[in-house]
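Here are some exercises to work through with the model open. Try each task before you read its solution.

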Amino acid sequence: MDFDCNMKNIKESIARAKEAGAVIRLGPELEITGYGCEDHFLELDTITHAWECLKDLLLGDWTDGILCSFGMPVINGSERYNCQVLCLNRKIIMIRPKLWLANDGNYRELRWFTAWKQKDQLEDFLLPHEISEALCQKSIPFGYGFIQFLDTAVAVEVCEELFTPIPPHADLALNGVEVFMNASGSHHQLRKLDYRIRAFISATHSRGGVYMYSNQQGCDGGRLYFDGCSCVVVNGDMIAQGSQFSLRDVEVVVAQVDLDAVAGFRGSISSFQEQASCKTKISSVAVQYSLCQPFNLKMSLSGPLKITYHSPEEEIAFGPGCWLWDYLRRSGASGFLLPLSGGADSSSVAAIVGCMCQLVVKEIANGDEQVKADAIRIGRYANGEFPTESREFAKRIFYTVFMGSENSSQETRMRAKKLADEIGSWHLDVSIDTVVSAFLSLFQTLTGKRPRYKVDGGSNVENLGLQNIQARIRMVLAFMLASLLPWVHNKQGFYLVLGSSNVDEGLRGYLTKNLCYRWGARLTPSEVAEKVKHFFKYYSINRHKMTVLTPSYHAESYSPEDNRFDLRQFLYNARWPYQFRKIDELVKELDGEKVPFGESSDHEKMGTTLDGGGGMGVIAAGSGNPKAGH
């Protein structure tokens, strides 16, 4: 929804593309509005502003001599579509609506858009009146098709379409399209990049072509980090690859390719020639313009390169680190405050902030003026100074607080201090015993009883109550410090409070195992059943906590967060009477068979599982022992 910033980035990317001699410029999905507008896409103003921005681009010289693909929402009739608008020489050539919408996991495109279903022909689209007057264009082609230039054919494939069972590029290639432009809004998820790159390579490995991929990069105002890695693939070879994690606002990935290599590659594949001879015709828009440049000995073609992947540890550090930087600079805050206990979760969060500080200093050293300006503003530098060392920068923007009690060990206290020293944070060590004692005295005054910890002879109820008091005191103290410490140090602004938790705690409650045992021959059916019931009991008891989960970085293929990903109720019958009864019946059945869980038998009921439905089986292809298929 930051149209000014988006336009600034779009124009900078076009200018840099032109400077590099590019004739095609591809931006990410919905780049004019931003991908994460969500329900703002339902507001007419969002679409109106997108058209205004497109008009601004087309009235200037931005599209002179370069084919540009811009992502924006478009209303056609009464339906909203997620579109790529292809422009050249201050004119709109065609609008390509998205055919297949992403609608699983974190994606809910069907909530805001309609998939384009008329694939047999292009239709005339009447431009909004103001746009039509400004561009001297009344209508343009709208729908599924490609652009036929004098010397090549170009088509769009939008994000999710690449990953469908029958992707558009398959038929487009048979129709002679040589350049595919994929505008994407794909978020970071551990090890997801490999899946994505394999799809690019596969798209051109068996059918040839140039595959351009452009992805958003950074925090788009929500829980997701879009991890860039824009690239160009030719005939199954990666020839240009951008960064996956970066603090830069704009990154342009440039490649120079020889389209004769595509024609030669396709000519060498007999099956491609045969299928192309009986292809289904796809509509096209003819443009009397040549995209290709004449041969020049001074030209240097982009060759295959080794694909760059980060290790899982690097992904965990860089992804959230970049996301936190975007969150910090866009929120107007002056830094972060983290309750640092010395445990694994809070220590990991502290290390990620430390990594963020290192990335900031590195990007400044590489000459990024935007990162430098943001760091100077957030860190309150003056007199021409700016961050040159990560620990010094962390001291300015990062508070860590160890909130100990009489139950805290000296070991965790020292771990917290050592980590804070290594990162460079402003570290505080406070005791909350006096505050806890004040609460207990008040409770004793009101009730005449004073609860005790379990180690002191108290009950489970007393112990849980005391632990909750400590946790809530730490929370309130953290927010108080975040609000007032900048004032104490004569700084302006406020600090964002960082929390630390994990999926296990979200699903099952604090300090739990989340079914960590391996399911196999070691456990009997009744033991597995008890663990299943134990898990779901505590899952349903703790589910309500997800309604107040603070915004958190999405890094895995699953998140328990109830508002965006795991859409389930928070009020349960924690006894699960029907489901648990069915589990008990299955246990009796399996115990009667006397088959160790995890092993198979020749009995017809070998497919019975503890999930209460369906079957389970393992198949293998081979020769020899006929029982290999069990």
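**Exercise 1: One helix, one face**

Take the start of H12 and find what the side chain of Glu389 does there.

*Solution.* A side-chain oxygen of Glu389 comes to within 3.1 Å of the backbone nitrogen of Arg391 at the start of H12. Keep in mind that this is a predicted model.

Now go along the helix, which covers residues 390-397. Which of its residues are buried? Ser390, Phe393, Ala394 and Ile397 are. Look down the axis of H12: the buried residues fall within an arc of 100 degrees, so they line one face of the helix. The general background is that an α-helix has 3.6 residues a turn, so residues three or four places apart point the same way.

**Exercise 2: Pairing up the rings**

Classify the ring pairs Phe200–Tyr213 and Tyr572–Trp576, and say what the Phe200–Tyr213 pair links.

*Solution.* Start with the overall count, which is 25 aromatic pairs. For Phe200 and Tyr213, the centres are 4.3 Å apart and the planes make 40 degrees, which is a tilted pair. Next, place the two residues: Phe200 is in helix H6 (residues 192-205) and Tyr213 in strand S10 (residues 210-215), so the pair ties together parts 13 residues apart in sequence. Both Phe200 and Tyr213 are buried.

For Tyr572 and Trp576, the ring centres are 5.3 Å apart with the planes at 35 degrees, so this pair is tilted. Tyr572 and Trp576 are both buried.

Rings can also group: Trp51, Tyr81, Trp116, Phe125 and Phe142 make up one aromatic cluster.

**Exercise 3: Charges over rings**

Find the rings that Lys372 and Arg396 sit over.

*Solution.* Begin with Lys372: its charged end sits over the ring of Phe386, 4.1 Å from the ring's centre. Then turn to Arg396, which lies over the face of Tyr381 at 3.7 Å from the ring centre.

**Exercise 4: Cysteines without partners**

How many disulfides does the structure hold? Check Cys83 and Cys292 by hand.

*Solution.* The total is 0 disulfides. The cut-off you need is a sulfur pair within 2.5 Å. For Cys83, the closest cysteine sulfur is in Cys87, 12 Å away, and that's too far for a bond. Cys292 has its closest cysteine sulfur in Cys68, at 17 Å, again too far for a bond.

Now add burial. Cys83 has a relative accessible area of 0%, so it is buried. Cys292 comes out at 36%, so it is partly exposed.

**Exercise 5: Thr204 and its surroundings**

Is Thr204 buried or exposed, and what does its side chain reach?

*Solution.* First locate Thr204: it's in helix H6. Its relative accessibility is 0%, so Thr204 counts as buried. A polar atom of the Thr204 side chain lies 2.8 Å from the backbone nitrogen of Gly236. Finally, list its contacts, skipping neighbours within four places in sequence: Gly209, Tyr211, Val233, Val234, Asn235, Gly236 and Phe265.

**Exercise 6: A loop lysine**

Where is Lys306 found, and is it buried or exposed?

*Solution.* Lys306 is in the loop between strand S15 (284-286) and helix H9 (312-331). Its relative accessible area is 77%, so Lys306 is exposed. To finish, pick Phe113, 193 residues away from Lys306 along the chain: their C-alpha atoms are separated by 38 Å.

Conventions. Residues are numbered from 1 along each chain as its sequence is written. This is a predicted model: local features need pLDDT of at least 70, side-chain atom pairs count only at pLDDT 80 or more; totals for chains, interfaces and linings use all residues. Side-chain values use heavy atoms; hydrogens and water are left out. Rings of Phe, Tyr and Trp (its six-membered ring) pair if their centres lie within 6.5 Å; planes under 30 degrees apart count as stacked, over 60 as edge-to-face and the rest as tilted. Helices (H or I, at least four residues) and strands (E, at least two) are DSSP runs, numbered from the N terminus. Buried means under 20% relative accessible area, exposed over 50%, partly exposed in between (1.4 Å probe, protein chains only). A charge sits over a ring if NZ of Lys or CZ of Arg is within 6 Å of the ring centre and within 35 degrees of the ring normal. The arc is that of the directions from the helix axis to the C-beta atoms. A polar contact is a pair of N or O atoms within 3.5 Å; within protein, one must be able to donate a hydrogen and the other to accept it, and residues adjacent in sequence count only if both atoms are side-chain atoms. Contact means heavy atoms within 4.5 Å.
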